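Please work through the exercises below with the sequence and the coordinates open beside you. Each task is followed by a solution that goes step by step.

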Amino acid sequence: MRLAAPKRFTIESIMPIRNWLTAALLLAPLYAQNPVRLRVDATDAPRRVFHVQMTMPAKPGPLTLLYPEWIPGEHGPTGPIANLVGLQIKSGGQTIPWRRDSVNLYAFHIEVPAGAASLDVAFDFIAPPDATGFSSSGSTTSELAVLSWNQLILYPQGAAADSVQYQANLRVPPSWRYGTALPIERESGNEIEFKPASLTTLIDSPLSTGRHYRTVGIGTENGIPHYVHLAGDSDESVAVSDELVAQYKNLVTETGALFGARHYRDYHFLVTLSDHVAHFGLEHHESSDNRVKERTLIEASGRKVEATLLAHEFTHSWNGKYRRPGGLIANGADGGYDTPMKGDLLWVYEGLTNYLGEVLAGRSGLWTPEDYRDQLAATAAELDTRSGRAWRPLEDTAVFAQVLYDTTDDFREYRRSTDYYEEGSLIWLEVDTLIRQLSKGAKSLDDFCRAFHGAPGGAPAMKPYEFEDVVKGLSAIQAYDWSGFFNQRLHSTAPRAPLGGIERGGWKLAYTPERSEWWKANEEYRKQVDLSYSIGIKVNEEDGTIIDIAYEGPARKAGVTPSTKLIAVNNRGFTPVVLREAVKATATGQQPIELLIKNGEFYEVHRLDYHGGERYPHLVRDQSVPDLLSQVTAPLARR
Ligand SMILES: [Zn+2]
């Protein structure tokens with residue numbers, strides 16, 4: 001997963017009381033032979049309502065139906081139970097009363113009457129209007145919708161997700177097209193009948209649909225086809241260039257060259273382009289759900305800033321889905337959606353994926369080598385100055401992930417956030433450059449990936465791992481104290497970030513008054529002015545909101561606090577240009593910068609004693625060390 005906007009709410013989760021083994025043995029045959037019939041009517045999706053009907057086999061006696069709570073890839077209890085409404089359970093036309101469990105709020109208890117062989121369950125799902133968060137947030141507009149099946153089903157407690165079969169039927173709004181990895185039996189008009197699939201596969205196979213829809217083939221390798229399905233709020237938003245399609249094709253061949261095997265039958269990138277859905281990416285075995293702003297793929301800044309999104313989510317098919325930390329698997333299998341996840345190895349699951357996503361963006365041409373370095377400089381600067389690293393070690397950001405995903409931007413610099421993504425990139429670059437250096441260029445992290453994530457390949461499978469497996473896998477490629485290496489970085493509260501990979505790669509972090517092209521694109525795309533490394537504030541360019549401050553920086557020392565509004569700079573109304581020019585002038589002038597801030601209902605004036613001019617991060621070449629960074633992002637595949 002990758003998040004764009006971190007503001008989100010979750011529901012407190014409490015581990016339910018279960019007796020899996022006994023119940024699973026009793027229930028498994030019932031659902032394996034008789035699929036649950038699931039009918040979803042999405043014709044009301046433009047009005048944010050999905051209608052669900054299920055017919056499920058049942059036996060007389062007590063039964064508990066669960067709504068999925070812990071969602072694979074979201075690493076937290078994010079199932080949107082508050083939006084399940086209108087629940088009705090019947091058998092033979094008779095209404096069966098239900099009672100919610102008072103501890104596990106995702107569980108509904110019923111008594112199946114004598115003589116009943118099946119249940120009819122109906123409910124509606126309200127798609128939220130908010131555009132922030134993950135799959136439980138905004139997923140529909142009047143032009144498009146993304147369906148996450150975990151939001152549209154109940155499942156019987158005690159039946160393993162791999163053995164319960166669902167046969168889904170879906171109606172989309174008339175004339176809307178669609179894309180999904182879920183195998184299709186037949187379609188007619190706006191109705192699609194899917195082949196029976198396990199609960200695991202169903203939840204792993206979201207669907208996008210829309211009025212402005214374009215499916216593009218991006219290459220078949222060894223008989224395995226790949227598609228990009230673009231759903232946008234306008235025809236223009238899905239009119240991507242041939243150049244971008246060629247880069248996506250490169251991404252397919254580069255993953256083949258990197259991993260040497262694929263763990264899917266076919267692969268579908270669902271790309272949703274709208275300013276009114278949540279912006280994030282969520283991985284699946286055979287597809288990914290990628291949601292970005294409407295004009296992302298047709299404007300240069302969006303393409304540059306979001307260049308790694310598809311590469312990141314695609315990488316997860318290998319690192320995250322096929323190979324997964326034991327703590328992120330429930331009951332030894334996908335599913336078990338009522339079991340809390342443990343995030344301590346997210347620096348591998350997300351951290352290595354973050355690194356490989358960036359490397360693959362470089363190898364595919366989605367980024368130039370300079371884009372890769374500019375973005376790496378931004379990451380390095382952010383982590384190297386993050387004051388929160390003095391109290392919270394990296395591992396804690398992973399263990400605490402399910403809470404940190406929900407935190408807002410203010411004081412992020414002091415609190416730390418889901419840093420195992422970005423710091424994962426730095427650490428895995430260190431691993432890669434160390435292997436290249438120690439093996440004198442004979443080996444690299446690519447060899448580890450091929451051995452750890454590769455063969456045999458085929459249909460989706462899952463092979464769990466623990467910390468020791470990662471250490472063992474790396475040691476098989478290059479002898480080194482990998483356990484000591486990771487433990488030091490995971491538990492450190494040293495003030496500086498691990499920049500060894502950049503330095504061993506032949507580059508150094510430096511600050512200059514010029515913004516890199518990537519930096520400009522990022523400011524434009526995110527509509528912000530980022531002065532983190534000069535006066536120590538990041539400002540929303542549209543409304544002047546101070547997004548965050550450097551906790552030890554000049555602005556904070558002068559009394560500026562996040563979530564207030566910048567009104568004027570040196571007595572002139574705030575605009576990005578006015579602010580940037582004022583900071584630039586500090587390099588030569590002696591006067592402090594004066595900021596007029598609106599804090600709630602009150603106005604404050606703060607004078608910043610800062611004289612350093614503009615400062616933005618870059619990587620500069622260290623000629624005394626070979627340029628390994630350029631080797632890392634050079635294409636592997638023959639073109
Ligand atoms: Zn991810």
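The exercises that follow concern a predicted model, and they go from the whole chain to single residues.

**Exercise 1. Overall form**

Task: Determine how the radius of gyration of the protein chain stands against that of a compact globule with 639 residues, and describe the secondary structure and the surface of the chain.

Solution. Begin with the inventory: the protein chain contains 20 helices and 35 strands. Next, take the extent of the C-alpha trace, which spans about 85 × 65 × 45 Å along its principal axes. For 639 residues a compact globule would have a radius of gyration near 26 Å, and the 25 Å of the protein chain agrees with this. Then turn to burial and contacts: 59% of the 639 residues are buried, and, of the contacts with a separation of 6 or more, 73% are between residues 24 or more positions apart. Finally, the exposed surface of the chain comes to about 24,300 Å², of which carbon and sulfur atoms supply 51%.

**Exercise 2. An open sheet of 3 strands**

Task: Establish in which order the strands S12, S15 and S19 are arranged in their open sheet, and explain which of the strands stand at the edges.

Solution. The order is S12-S19-S15, with antiparallel pairing. Strand S12 (144–147) and strand S15 (177–180) each have a single partner strand, so one side of each is left without a neighbour in the sheet, and these two stand at the edges. Direction ignored, neighbouring strands of this sheet are turned by 15 degrees against each other on average. To follow the pairing at the level of residues, look at S12 and strand S19 (residues 207–210), which run antiparallel and are joined by 4 bridges; here Val-146 has Ser-208 in S19 as its bridge partner.

**Exercise 3. The partners of strand S17**

Task: Identify the bridges that connect strand S17 to strand S14 and to strand S16, and locate the turn residue with a positive phi.

Solution. Start with strand S14 (residues 165–171), which runs antiparallel to strand S17 (residues 191–194) and is joined to it by 3 bridges; Leu-170 is bridged to Ile-192 in S17. Continue with strand S16 (residues 184–188), which pairs with S17 over 4 bridges, again in the antiparallel sense, and in which Ser-188 has Glu-191 as its bridge partner. S16 and S17 form a hairpin with 2 residues between them, and Gly-189 in the turn has a positive phi of about 60 degrees.

**Exercise 4. Salt bridges and their surroundings**

Task: For the salt bridges Arg-295 to Glu-236, Arg-386 to Glu-382 and Arg-580 to Glu-523, work out which residues are buried and which are partly exposed.

Solution. The general background is that side chains of opposite charge can pair when their charged atoms come close. The whole structure holds 28 salt bridges.

1. Arg-295 and Glu-236 meet at 3.0 Å, N to O. This pair links distant parts of the chain, 59 residues apart, with Arg-295 in the loop between strand S24 (287–292) and helix H4 (300–305), and Glu-236 in the loop between strand S21 (224–232) and helix H3 (242–259). Arg-295 is partly exposed at 35% relative accessibility, and Glu-236 is partly exposed at 46%.
2. In the pair of Arg-386 and Glu-382, the closest N and O atoms are 2.8 Å apart. Arg-386 is buried because its relative accessible area is 5%, a value under the 20% limit, whereas Glu-382 is partly exposed with 25%.
3. Arg-580 and Glu-523 have their closest N and O atoms 2.9 Å apart. They link helix H19 (residues 576–585), which holds Arg-580, to helix H17 (residues 517–526), which holds Glu-523, across 57 residues. Both Arg-580 and Glu-523 are buried.

As a last step, note that salt bridges sharing partners join Glu-382, Arg-386, Arg-389, Arg-416, Asp-419 and Glu-423 into one network.

**Exercise 5. Two residues and their contacts**

Task: Find where Thr-140 and Val-252 lie, and whether each is buried or exposed.

Solution. Thr-140 is in the loop between strand S11 (118–126) and S12, and with 7% relative accessibility Thr-140 counts as buried. Beyond its neighbours within four places in sequence, Thr-140 is in contact with residues including Ala-45, Phe-50 and His-276. Val-252, in helix H3, is buried with a relative accessible area of 1%. Outside its neighbours within four places in sequence, Val-252 is in contact with Ile-218, Glu-221, His-226, Arg-262 and Phe-314. The C-alpha atoms of Val-252 and Phe-314 are separated by 9.0 Å, although these residues are 62 residues apart along the chain.

Note on methods
Residues numbered from 1 in each chain as written. Predicted model: local features only at pLDDT ≥ 70, side-chain atom pairs only at ≥ 80, totals over all residues. Heavy atoms only, no water. Pairing = 2+ DSSP bridges. Axes fitted to C-alpha atoms, helices over the stretch in contact; angles between N-to-C directions. Salt bridge = Lys/Arg side-chain N within 4 Å of Asp/Glu carboxyl O. Buried < 20%, exposed > 50% of the residue type's maximum accessible area, 1.4 Å probe, protein only. Rg over C-alpha atoms; globule rule 2.2 N^0.38 Å. Contact = heavy atoms within 4.5 Å. Areas by Shrake-Rupley, 256 points an atom, 1.4 Å probe, with all protein chains shown as cover.
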